[in-house]
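The following note sets out several points for consideration alongside the coordinates. The points are numbered for ease of reference.

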Amino acid sequence: MTLAQALDELVTANRILAREGVVDSFGHVSIRHPERPDRYVLSRARAPECIEIDDLMEFALDSTPIAAAGSKPYTERFIHGAVYDARPEVKAVVHHHSPSVIPFGITGVSLSPVMHMCAGIGARVPTWDSRARFGDTNLLVTNAAMASDLAGALGARPAILMRGHGCVVAGASLREVVFNSIYLQLNADLQMKATALGDVTFLTDGEIAAVLRTRGSFTYERAWEFWCRRAGRPYDARAIDG
Ligand SMILES: [Zn+2]
């Protein structure tokens, strides 16, 4: 994939996440720079629905903007830099505040896959509480120390909740993190409904492993094409990014 294609896909990812209700005026998605693994690309501070290609900025992994002068970056960009720094295999990161996931981060009720499409969120999504190490803050991850602590709690997992705030989803491709972000939100909705009905039977670790073992890139492509259509963005099948 060329850099131009990757940037265009990042705009599309922003529009998809907005269209699917995962992000609203807030929340963001980034990619590791396809030609410079020591950098990542993230929009300037703007609502995802409004983002254009000219809004995209490059950052070093310590989240310093590469261009000294320029647009105002997201104050929470440190989340992205810390995850890329800790996880060389990660190529894309989403941070969002989906209202569906918030209840799980503030009650101690574990969020776990309840259906096959949601297996990619991880067997048990942990929760990071900023107060444990940083005390009373405005809950935003606005410095490297908080972001590093969050990335450490995420570990090798695909997703983590943030108490009273939102979540982070990390993965090997932009399509994968958008897919898992949307299905993390759906899983939260489904688990909440099911809990109201009675005891919930979750996918077993073996079932989760079997789903992921048999999931090919076609699954992500099929979903991406559908979401592109709904978001009014062109679908580029050549831009498969793993
Ligand atoms: Zn946030």
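1. Geometry of the metal site. The four donor atoms of the zinc ion subtend angles of 98 to 140°, and the site is accordingly classed as irregular. The tetrahedral class requires all angles to lie between 85 and 135 degrees, so the upper end of the range, 140°, excludes this site from that class. For reference, the ideal angle for four tetrahedral donors is 109.5 degrees. The reader should bear in mind that this is a predicted model.

2. Ligands of the zinc ion. Coordination is provided by E76 through OE and by H95, H97 and H165 through NE2, at 2.0 to 2.1 Å. Along the chain, these donors follow the spacing E-x18-H-x1-H-x67-H. E76 lies in the loop between β3 (56-60) and α2 (78-86), while H97 lies in the loop between β4 (92-96) and α3 (102-107). These two residues are 21 residues apart, and the pair links distant parts of the chain.

3. Accessibility of two ligands. Are E76 and H97 buried or exposed? E76 is buried, with a relative accessible area of 5%. H97, by contrast, is partly exposed, its relative accessible area being 27%. The two fall into separate classes because the limit for a buried residue is under 20%.

4. Aromatic contacts. The structure contains six aromatic pairs. One of them is formed by F179 and Y183, whose rings are tilted, with 4.7 Å from centre to centre and 45° between the planes. Both residues belong to helix α6 (residues 174-197); because they are four residues apart in that helix, about one helical turn separates them. F179 is buried at a relative accessible area of 1%, and Y183 also counts as buried, at 17%. Together with Y220 and W227, F179 and Y183 form one aromatic cluster.

5. Enclosure of strand β2. Why is β2 described as largely enclosed by the rest of the structure? Five of the five residues of this strand (residues 39-43) are buried, so the description follows directly. In a regular strand, side chains alternate between the two faces of the sheet. Both faces of β2 are covered: R39, V41 and S43 are buried on one side, and Y40 and L42 are buried on the other.

6. Strand partners of β2. β2 pairs with strand β1 (residues 28-32) in the antiparallel sense over two bridges, and a hairpin of six residues joins β1 to β2. Within this pairing, I31 stands opposite V41. β2 also pairs with β3, again in the antiparallel sense, over five bridges. There, S43 has L56 of β3 as its bridge partner.

7. Cysteines. How many disulfides does a search of the whole structure find? The search returns zero. C118 is in no disulfide, and its nearest cysteine sulfur, that of C167, is 13 Å away. A disulfide is a covalent bond between the sulfur atoms of two cysteines. The 13 Å separating the sulfur of C167 from that of C118, its closest cysteine sulfur, is therefore too far for a bond. Both residues are buried: C118 has 0% relative accessibility, and C167 has a relative accessible area of 0%.

Conventions:
Residues are numbered from 1 along each chain as its sequence is written. This is a predicted model: local features need pLDDT of at least 70, side-chain atom pairs count only at pLDDT 80 or more; totals for chains, interfaces and linings use all residues. Side-chain values use heavy atoms; hydrogens and water are left out. Donors are N, O and S atoms within 2.8 Å of the metal (3.2 Å for Na, K and Ca); water is not among the atoms, so sites may look incomplete. Four donors count as tetrahedral if all angles lie between 85 and 135 degrees; four count as square planar and six as octahedral if opposite donors are over 155 degrees apart and all others between 65 and 115; anything else is irregular. Buried means under 20% relative accessible area, exposed over 50%, partly exposed in between (1.4 Å probe, protein chains only). Rings of Phe, Tyr and Trp (its six-membered ring) pair if their centres lie within 6.5 Å; planes under 30 degrees apart count as stacked, over 60 as edge-to-face and the rest as tilted. Two strands pair if DSSP finds at least two bridges between them. A disulfide is a pair of cysteine sulfur atoms within 2.5 Å.
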